[in-house]
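Trainee: I should like to learn how to read a pocket and a helix in a structure. May we begin with the pocket?

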Amino acid sequence: MKVLHIITSLGSGGTEGMLYRLIQASSKSVEHSVICLKKGGKYESLFKKDGLDLIVIDLKFSSLIKGIIQIYKFSLSKRKQGYQIITSWLYHADFVAWFVKLICRYKFLAWNIRSSKLQRRRLSFKNWLNLKILAMLSHFGVNKIISCSKATLEIHKKIGYRDDIFTFIPNGYFIDQNKYFNKEFKNYDGIYRICMVARWHPQKDFENLFKALSLLKSNISFHLKIAGSETGPDNQEIVNLLKKYKIEKFCTLMGEVDDVQTVYQKSHVNVLSSAFGETFPNVLSESMLNFTPCVSTDVGDANNILADVGFIVPVGNSKALADALKENHSILKDQNDLYLESCVKGFEKVRINYNIYDVARVYYDVWKSLV
């Protein structure tokens, strides 16, 4: 079986990471190739290191014709090599994949839906129109639509996507079955250690978290670590926001870090305060894989991921977010055995439900059902 993947970018994003893990975990009987429409990045170098056949187009308006020719030639050469299936990742890639299938005569096309940022008021007219066109195209020539989020799946059905070809496949992760839980990382010395792993973007609603923490500071001693793209101390916007809520002394701005696992491990709780746009938030599962409980707003599939193992609060409700953090702190401080049990329980949930090898087998079954 041979699968051509078309993806918008190969930077350090959740979708890009999922594609990389999927290809690594796939059966040896599946051959993969990748077209990246924009600039490469972290996963371009990792794919090349693995010897994957990959082309990065860096598609721009000024070089549109050249880019289209590159896509056509690469896709056609793969078709001649026996590739029959295209799997696309993200909306722009879905558009391109639809035309590649038609022009290069691929037999099967599976779209990957990985966004829930679909509120009309948050989208430009152009993006909303593009979405409606994709919904229309889904009824012609698309064989499967894969969604990593049950919530997102339902949203797209309502928009007009063909509803009888959807299938739900969650994100998957490599699980160290023998990973040791170092309880010393969770020692409580009077400072409540909180982390947020997120890029600087309105979607992440940092102000919601900062406002919640301003409600905590008179009763709880805490320290917040923020790790993610454009979250370093040189970002004046985030610095000003911390000052607005008078919590700059209780926060470390780390920027993008290589070892995010240690950030999770050494924290007592991980927070996702997003307002919109999440599908299957990787930061929740990744935190749980590092034995760290989570508090999250009710976005995407966060409620399913954290069911029975974490805290879910309404979007934009800073008081509810503060209350959930207080409750987690109370368990950490006064019921430490229960807190440690919750750390392990979260790890076990990800281990059982989101193993990348199980997820890769589901993808294989979907591809096999098309052929």
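Trainee: Which helices each supply at least two residues of the lining of the second largest pocket?

Mentor: The general idea comes first: rolling a probe the size of a water molecule over the atoms shows where empty space is left. In this predicted model, helix 3 (64-80), helix 4 (91-104) and helix 5 (125-137) each supply at least two residues of that lining. Helix 4 gives the most, with seven residues.

Trainee: How much space lies in the second largest pocket, and which residues are the closest to its centre?

Mentor: The space amounts to about 640 Å³. Of the 20 lining residues, Leu59, Leu64, Ile68, His92 and Val96 are the closest to the centre. By class, the lining has 13 nonpolar, four polar and three charged residues.

Trainee: Let us turn to a helix. Where do the buried residues of helix 14 fall, seen down its axis?

Mentor: An α-helix has 3.6 residues a turn, so residues three or four places apart point the same way. In helix 14, the buried residues are Ile356, Val359, Ala360, Tyr363, Val366, Trp367 and Leu370. Seen down the helix axis, they fall within an arc of 115 degrees, so they line one face of helix 14. The face turned away from this buried side carries the exposed residues Lys368 and Ser369.

Trainee: Which residue caps the N-terminal end of helix 14?

Mentor: Asn355 does: one of its side-chain oxygens lies 2.9 Å from the backbone nitrogen of Tyr357.

Trainee: What span should helix 14 have?

Mentor: At 1.5 Å a residue, the 15 residues of helix 14 (residues 356-370) should span 21 Å. The end C-alpha atoms are 21 Å apart, which agrees.

Note on methods
Residues are numbered from 1 along each chain as its sequence is written. This is a predicted model: local features need pLDDT of at least 70, side-chain atom pairs count only at pLDDT 80 or more; totals for chains, interfaces and linings use all residues. Side-chain values use heavy atoms; hydrogens and water are left out. Helices (H or I, at least four residues) and strands (E, at least two) are DSSP runs, numbered from the N terminus. The expected span of a helix is 1.5 Å times one less than its number of residues. Buried means under 20% relative accessible area, exposed over 50%, partly exposed in between (1.4 Å probe, protein chains only). The arc is that of the directions from the helix axis to the C-beta atoms. A polar contact is a pair of N or O atoms within 3.5 Å; within protein, one must be able to donate a hydrogen and the other to accept it, and residues adjacent in sequence count only if both atoms are side-chain atoms. On a 1 Å grid over the protein atoms alone, a cavity is a set of points where a 1.4 Å probe fits but cannot get out, and a pocket is an open set with protein on both sides within 12 Å along at least five of seven lines; lining residues have an atom within 4 Å of a point. Grid points are joined across faces, edges and corners, and a volume is the space filled by probe spheres set on the points. Ala, Val, Leu, Ile, Met, Phe, Trp, Tyr, Cys and Pro count as nonpolar, Asp, Glu, Lys and Arg as charged, and the others, Gly among them, as polar.
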